[in-house]
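Please look through the model below with the backbone shown first and the side chains added afterwards. The paragraphs that follow start at one loop, pass to other local features, and end with the chain as a whole.

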Amino acid sequence: MEPMPLQVDPQVIVDGVNLMWVLVVSFLIFFMHAGFAMLEAGQVRSKNVANQLTKNLLTWSVGVTVFFLIGVGVDGLVAGSGFVPGFDVAAVNDWVGWLFGAVFAMTAATIVSGAVAGRAKLRAYVTYTFLLAAVIYPVVTGLTWSGELLSYNGVLFDDFAGGMIVHGMGGIAGLTAAWMLGPRLDRYNEDGSANVIPGHSLTFAVLGTLILAFGWYGFNVGTAATVFTVTDGELALGAFATVGRVAMTTTIAMACGAMGAGLVAWLKTGKVDTLYVANGLLAGLVGITAIPHASTWWGAFLVGGLAGAQLPIVFDIVENYLKIDDVCAVFPVHGSAGVLGTLMLPIVAAPEYMSGISGSRVDMFIAQFLGVVVIAAWTVVMTALVWGVLKLIGQARVTPEHERDGLDVSEHGVDTYPEFGQPDVATDGGSDEIIRTDGGEPNDGEIKMVTAIVRPDRLGQIKQSLAEAGAPSLTVTNVSGRGSQPAKKGQWRGEEYTVDLHQKVKIECVVADIPAQEVVDAIRTAAETGEPGDGKIFVLPVEDATQVRTGKTGPDAV
């Protein structure tokens, strides 16, 4: 028998394999939402975790639907090809391309949620997500990827995988939204100094970082590759000539971003901050995302290192000079890093890339700068307009009472940690003041213990107030209890339960030379919010005291 070659149209194989590749890459980018969820949940207080997770779930659910119905059409309209929504495509296989575009769009949308954490109403965030997916983001892609309308002297604005179009835009939108909302309660003191409000889980934040880094290969390498083409009627490898460069530059920039941020943090504080290292790793990825196809190997080191190094500096500017409460540092991670990487193209572009460009490196820089300015201006104006209207009608921000209770309870009626949760830790930098000794006989020469049961979020203010009163020594215990504060209803999988034991902190302060009433007044002034549940203060006599180190007893031990 003579062997017969199997007659298969090479184009069928090419189309099938390439479509499957795009789908796999899209699924990989979709998984980045798990990373965003963990990263952001770890950086918010325990009382706001469920709210942050819900926003991530709804970002995808609402955004991808709106992008299908409206956003794709707006993109085409801006690009000049007409309004064609996702349900009216020319061929069924075109929906693969729609999904690939949708996962990019939803990445830009979900970045904003981290900036407005802890105080934005869920309905306000969902409204903004709707408008971002329907109009704000599609206009950007229509001007750039789809329409190629931004150029200078024949040189097109180049953003390979969304360093500016996705991440830069998302970071700028987040900063603008956070500015419009204002900072969280107690984030800044009356003198303008910032209070630290730590997130509840560094583990979640690092896990989310690594999930995002894994998905980023879908972003960059996925954009680079076409598996097969048909050349002279035969199968041939597609655009794999750039895949090695993209994979290399993405990996190197990621690594250098982490090292750059850690180094600057160490130089500033003498400590290598774990969260800065994690955020710097992401900043390095953002920095290279616009240019991984064009950068030299040393350019990846430079862009990644600078993107990471700028992170602590830019965050400090945003926090202490602009007074914007960017909870998850979305602007220094996504915004400024995206701008930096996009503008670095003419500096780090490889000779092979420059050979295909008609203009000079100066022309390229102007084209990149023009694109950055247009995208940033459009994003700032539209984001400020949306949040400004929401703020005007009183729908942008939760009430102070709901913010103190936490958005998990006020917005969703759930407690993320119903059995194991602990109050958030308040950090105010501590105090080096020495306990006052006035030589008199306060408390009639006796030792007094002042015990206060108060809200956990007031701990920082109470510590500062006690220090100012001359009584900085205290013991703090996490407790729960009930009093005049009303019970709350919770839900778990649709079943309602009652929460009547509220999380509090017990502060114990033993004084001898300091009048107990002054300590009571200091605690009350700092703990009061005017709402039921502010707590109570008790003053008890102490029979005796002994200092372990010296053996002193009585008032001298205190």
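In this predicted model, a convenient place to begin is Asp-186, which sits in the loop that runs between helix H6 (163-181) and helix H7 (202-224). The backbone at this position deserves attention, since Asp-186 has a positive phi of about 70° although it is not a glycine. As background, most residues other than glycine have a negative phi. How far is Asp-186 covered by the rest of the protein, given that it may be buried, exposed or partly exposed? Its relative accessible area is 23%, and because buried means under 20% and exposed over 50%, Asp-186 counts as partly exposed.

A positive phi also occurs at Glu-148, where the angle is near 50° and the residue is, again, other than glycine. Glu-148 belongs to the loop between helix H5 (122-146) and strand E1 (151-152).

From these loops the reader may turn to a helix, H11 (residues 330-343), which contains His-334. His-334 is buried, with a relative accessible area of 4%. Which residues does His-334 touch, if those up to four places away in sequence are not counted? The contacts of His-334 are Phe-36, Ile-111, His-167, Gly-168, Gly-171 and Val-286.

A contrasting environment is found at Trp-297, a residue of helix H10. Trp-297 is exposed, with a relative accessible area of 56%, and together with Trp-298, Phe-301, Leu-302, Leu-306 and Ile-347 it makes a nonpolar surface patch of about 610 Å². Helix H10 (residues 297-320) supplies the largest share of this patch, namely five residues.

With these local features in place, the chain can be considered as a whole. It holds 18 helices and ten strands, and its C-alpha atoms fill a box of roughly 110 × 60 × 50 Å when this is taken along the principal axes. Of the 558 residues in the chain, 49% are buried, while the accessible surface comes to about 25,200 Å², with 63% of that area belonging to carbon and sulfur atoms. Among contacts in the chain with a separation of 6 or more, 78% are between residues 24 or more positions apart. As for charge, the chain carries 31 positive and 52 negative charges, and the mean positions of these two sets are 7 Å apart.

Conventions
Residues are numbered from 1 along each chain as its sequence is written. This is a predicted model: local features need pLDDT of at least 70, side-chain atom pairs count only at pLDDT 80 or more; totals for chains, interfaces and linings use all residues. Side-chain values use heavy atoms; hydrogens and water are left out. Patches are made of residues with over 30% relative accessible area and no salt bridge: like charges are joined within 9 Å, nonpolar side chains (Val, Leu, Ile, Met, Phe, Trp, Tyr) within 5 Å. Accessible areas come from the Shrake-Rupley method with a 1.4 Å probe; for residues, only the protein chains shown count as cover. A salt bridge is a side-chain nitrogen of Lys or Arg within 4 Å of a carboxyl oxygen of Asp or Glu. Helices (H or I, at least four residues) and strands (E, at least two) are DSSP runs, numbered from the N terminus. Buried means under 20% relative accessible area, exposed over 50%, partly exposed in between (1.4 Å probe, protein chains only). Contact means heavy atoms within 4.5 Å. Lys and Arg count as positive and Asp and Glu as negative; His and the chain ends are not counted. The place of a charge is taken as NZ of Lys, CZ of Arg, CG of Asp or CD of Glu.
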